[in-house]
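This report goes through the contacts in the structure shown below, beginning with the nucleic acid and ending with the protein chains.

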Number of protein chains: 2
Amino acid sequence: MNYIGEAAPDCRAADAIVAQIEQRIAAGVLVDASPLPSERELMLEFGASRTVVREAITALSNRGLIECKPRFRPVVRRVGYETLMIATGPVIRQLLNDPRGVKSLYDMRVFTERGLVRDAALRATKSDIQNLKAALAANQASISDSDEFYRTDTAFHGTLYQISDNPVFPAIHQGFFSWLAPHWDRMQRLPERNEQNYLAHKTIYEAILERDPDAAEDALIEHLAAAWEFVRDTFDWEDDATR
Amino acid sequence: MNYIGEAAPDCRAADAIVAQIEQRIAAGVLVDASPLPSERELMLEFGASRTVVREAITALSNRGLIECKPRFRPVVRRVGYETLMIATGPVIRQLLNDPRGVKSLYDMRVFTERGLVRDAALRATKSDIQNLKAALAANQASISDSDEFYRTDTAFHGTLYQISDNPVFPAIHQGFFSWLAPHWDRMQRLPERNEQNYLAHKTIYEAILERDPDAAEDALIEHLAAAWEFVRDTFDWEDDATR
DNA sequence: ACGCTATTTTTGTCGTACTAAACTGAGTGA
DNA sequence: TCACTCAGTTTAGTACGACAAAAATAGCGT
């Protein structure tokens with residue numbers, strides 16, 4: 001069995017072109033945000049037919065390395081960790097068709113944030129804490145406006161993802177947010193629930209302030225468990241534990 | 001701004017076909033491991049040219065929803081969490097061109113396993129512990145055979161990923177393993193290092209046995225930090241902190 | 001120098017054709 | 001009867017040409 005991300009020994013002509021272009025993007029020959037050469041140029045350059053060139057382009061597009069607007073030139077996009085989320089998007093959407101997929105993903109989120117708040121409690125800098133405080137204040141200020149509260153809620157959690165200096169985390173936050181959003185949009189939002197969530201955030205914040213990772217983790221678990229109860233009702237899962 | 005995993009209002013004909021086929025796979029009309037209809041059939045069915053059909057097929061292939069061997073019929077593959085890793089593979093490879101990418105990913109692994117060992121210490125069942133014990137024994141038995149040790153080492157960590165009942169974790173383990181493997185292959189392996197790693201595994205195991213999450217986490221951190229020191233040397237990073 | 005229009009590219013899609021490989025079934029031999 | 005071989009058929013991979021529509025560009029007029 002091969003590795004997961006492998007390429008079989010190139011049998012398709014397009015794969016070779018894909019590899020070449022990938023390399024050029026990595027090497028910086030093709031600069032970020034600049035358009036790809038036209039298909040004809042690529043044909044000449046690689047000595048392939050337009051069919052193959054176009055196939056390569058779609059492949060690169062699906063991999064998230066270039067951005068293809070319908071009738072425009074493809075644009076090179078230097079890969080960042082957001083690109084990961086683009087590539088995973090379609091698959092995730094498939095997985096979320098099954099409510100269990102939503103649960104699994106949500107559990108992943110809980111797992112991640114548990115680790116994050118622990119780390120925050122242990123290693124948050126002054127500036128981190130200031131950011132958290134600001135996010136919390138914004139959160140409190142918007143309790144009565146459910147839409148705005150949703151945004152500041154997300155932002156508060158996002159701040160947690162930024163405390164770690166690992167650039168992967170903000171991308172993951174973006175991913176969780178956009179994947180789970182459709183399900184959260186269906187949840188009814190009420191000021192009293194907002195209040196409850198705000199208080200949970202506050203508890204987490206204070207635990208971080210007191211450098212108490214266990215308390216922070218417990219508060220987060222309780223917070224997200226409560227939130228899950230709100231969301232689970234929006235599913236029309238027919239409780240088919242069989243399938 | 002759109003969601004991350006969205007599809008723009010279909011302007012490309014292929015996208016419509018992709019969506020249709022995606023839906024059929026999700027609905028179970030196209031069964032797992034069964035071949036896709038031939039391109040001609042799809043042409044007739046969707047009233048599109050072969051070009052478009054083929055484009056849709058490559059897209060599905062890149063998304064990991066079907067498996068395309070060079071001259072064979074594409075095979076439907078019901079998406080699981082491994083599919084995620086397939087989709088992310090190419091992007092990850094790009095990110096790993098930069099040593100900082102390797103570091104970020106490795107840190108993600110450390111972060112993940114820290115949470116996993118904590119959970120294991122708190123919630124591992126008898127059967128989990130038995131699995132860990134077996135993995136540890138296999139690990140010990142292969143200290144002198146570096147190749148075999150590498151396998152059992154990976155398996156030991158993999159056991160940690162399986163303790164959580166979340167199916168995402170085993171997939172993540174597969175991902176970490178295959179992405180980081182190329183770098184680890186370059187690391188020289190010596191029996192004494194194997195011994196050292198085995199002892200670290202044993203410490204982790206014992207901490208889990210004693211239901212001590214902090215000790216387990218600390219042992220894991222130390223273990224992976226030491227392993228990182230071994231790997232970092234294999235990079236030819238010119239210490240360009242500028243870029 | 002600026003805005004509008006006409007011309008040229010370029011992309012998206014279609015059709016056809018040809019090659020080589022995989023699939024199918026009939027026929028042959030043990 | 002079964003397995004095996006070999007031709008014929010189907011299909012994927014690739015190439016070439018064509019055309020409409022949209023974008024990019026050049027040219028024109030003011």
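## Contacts with the DNA strands

A polar side-chain atom of A:Arg50 comes to 2.9 Å from a base oxygen of DNA strand C. The model is a predicted one. A:Arg50 also reaches DNA strand D, where a polar atom of its side chain is 3.3 Å from a base nitrogen.

Other polar contacts with DNA strand C go to phosphate. The side chain of B:Ser49 places a polar atom 2.8 Å from a phosphate oxygen of this strand. In A:Glu39 the atom concerned belongs to the backbone, and it lies 3.3 Å from a phosphate oxygen of DNA strand C. Two or more residues of the surface near DNA strand C come from each of α2 (39-46) and α3 of chain A and α3 of chain B. Of these elements, α3(B) gives the most, with three residues.

In total, 18 residues surround DNA strand C, and the closest are A:Arg40, A:Arg54, A:Pro70, A:Arg71 and B:Ala13. By class, the surface near this strand has six nonpolar, three polar and nine charged residues. Sugar or phosphate accounts for 66% of the atoms of DNA strand C within 4 Å of the protein, and bases for the rest.

DNA strand D has a phosphate contact through A:Ser49, with a polar side-chain atom 2.8 Å from a phosphate oxygen. A:Thr51 contacts a base of DNA strand D, with an N or O atom of its side chain 3.4 Å from a base nitrogen. The elements with two or more residues on the surface near DNA strand D are α3 (50-63) of chain A, and α2 (39-46) and α3 (50-63) of chain B. The largest share, three residues, is that of α3(A).

There are 17 residues around DNA strand D, and those that come nearest are A:Ala13, A:Ser49, A:Val52, B:Arg50 and B:Pro70. The surface near this strand is made up of five nonpolar, three polar and nine charged residues. Of the atoms of DNA strand D within 4 Å of the protein, 61% are in sugar or phosphate, with the rest in bases.

The table lists the polar contacts described above.

| Residue and atom | DNA atom | Distance |
|---|---|---|
| A:Arg50, side chain | strand C, base oxygen | 2.9 Å |
| B:Ser49, side chain | strand C, phosphate oxygen | 2.8 Å |
| A:Glu39, backbone | strand C, phosphate oxygen | 3.3 Å |
| A:Arg50, side chain | strand D, base nitrogen | 3.3 Å |
| A:Ser49, side chain | strand D, phosphate oxygen | 2.8 Å |
| A:Thr51, side chain | strand D, base nitrogen | 3.4 Å |

## Contact between the protein chains

Chain A brings 59 residues to its contact with chain B, which brings 58 residues. About 5100 Å² is buried between the two chains, and carbon and sulfur atoms give 62% of this area.

Six salt bridges are found across the interface of chain A and chain B. One salt bridge joins the side chains of B:Arg118 and A:Asp214, at 3.8 Å from N to O. Between chain A and chain B, eight residue pairs are in polar contact.

On the side of chain A that touches chain B, the elements giving two or more residues are α1 (13-27), α3, α4 (81-95), α5 (99-123), α8 (168-185) and α10 (213-232). The most come from α4(A), with 14 residues. This side of chain A has 27 nonpolar, 16 polar and 16 charged residues.

Note on methods. Residues numbered from 1 in each chain as written. Chains lettered and ligands numbered in written order. Predicted model: local features only at pLDDT ≥ 70, side-chain atom pairs only at ≥ 80, totals over all residues. Heavy atoms only, no water. Near = heavy atom within 4 Å. Polar contact = N/O pair within 3.5 Å; in protein donor to acceptor, adjacent residues only side chain to side chain. Helix = DSSP H or I, 4+ residues; strand = E, 2+ residues; numbered from the N terminus. Nonpolar A, V, L, I, M, F, W, Y, C, P; charged D, E, K, R; others polar. Contact = heavy atoms within 4.5 Å. Buried area = accessible area lost by both parts, 1.4 Å probe. Salt bridge = Lys/Arg side-chain N within 4 Å of Asp/Glu carboxyl O.
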